Amino acid sequence: MLALLGPLGALLGLEAASLTERLKRQAALWGTLGVLGLIAISFILVAINNALTLALGPIVAPLVIAGAALLVGLVVYAVFHFRATVEAHNDAEKKHRAEMTALITTAAITAVPLILPMLKRVGVPAGGAAAAIYSLLQSKALRDRH
């Protein structure tokens, strides 16, 4: 893995030695933090187990911790599943909009040769009427604003 970083760094214009050293330092930092985090979580769970053992007994305490862990796991799964469902729905909607745009564009391009002869006959009067309607709508919008 680290052998690939040299050529990749050269392509990006970075010095390979400084890149690999920085990555090694980052790996050591995150590895140390991960191990210390696991130790902290282990001792927290032991303390919770001891407290629950005093309150509920030695058989029920581990079951309460296991149940709580399962509940947290189910909540995390539900949240991620919900997010994935929403993201899939949004992606499908974007795809549908893109397909509709492509379909409309294709239909418009296909219809241009059929409409051109008719536009030559009614193009100028229709353009004038459209400009007049647009002008009236714009002036009405300006009057409504003031």
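Reader: How many salt bridges does the structure hold?

Author: Just one, and it joins the side chains of Glu93 and Arg97. Keep in mind that this is a predicted model, where local features need pLDDT of at least 70, side-chain atom pairs count only at pLDDT 80 or more, and totals for chains, interfaces and linings use all residues. Residues are numbered from 1 along each chain as its sequence is written, and side-chain values use heavy atoms, leaving out hydrogens and water.

Reader: What makes Glu93 and Arg97 a salt bridge?

Author: The term asks for a side-chain nitrogen of Lys or Arg within 4 Å of a carboxyl oxygen of Asp or Glu. Here the N to O distance is 3.4 Å, so the pair qualifies.

Reader: Where do Glu93 and Arg97 lie?

Author: Both sit in helix H3, four residues apart, about one turn of the helix. A helix here is a DSSP run (H or I) of at least four residues, and a strand (E) one of at least two, numbered from the N terminus. The chain has three helices and zero strands.

Reader: Why is Arg97 called partly exposed?

Author: Buried means under 20% relative accessible area, exposed means over 50%, and partly exposed is in between (1.4 Å probe, protein chains only). Arg97 has 47%, so it lands in between. Glu93, at 37%, is partly exposed too.

Reader: And what about Val76, why is it partly exposed?

Author: Its relative accessibility is 44%, so the in-between label fits here as well. Val76 is also in helix H3, which covers residues 60-145.
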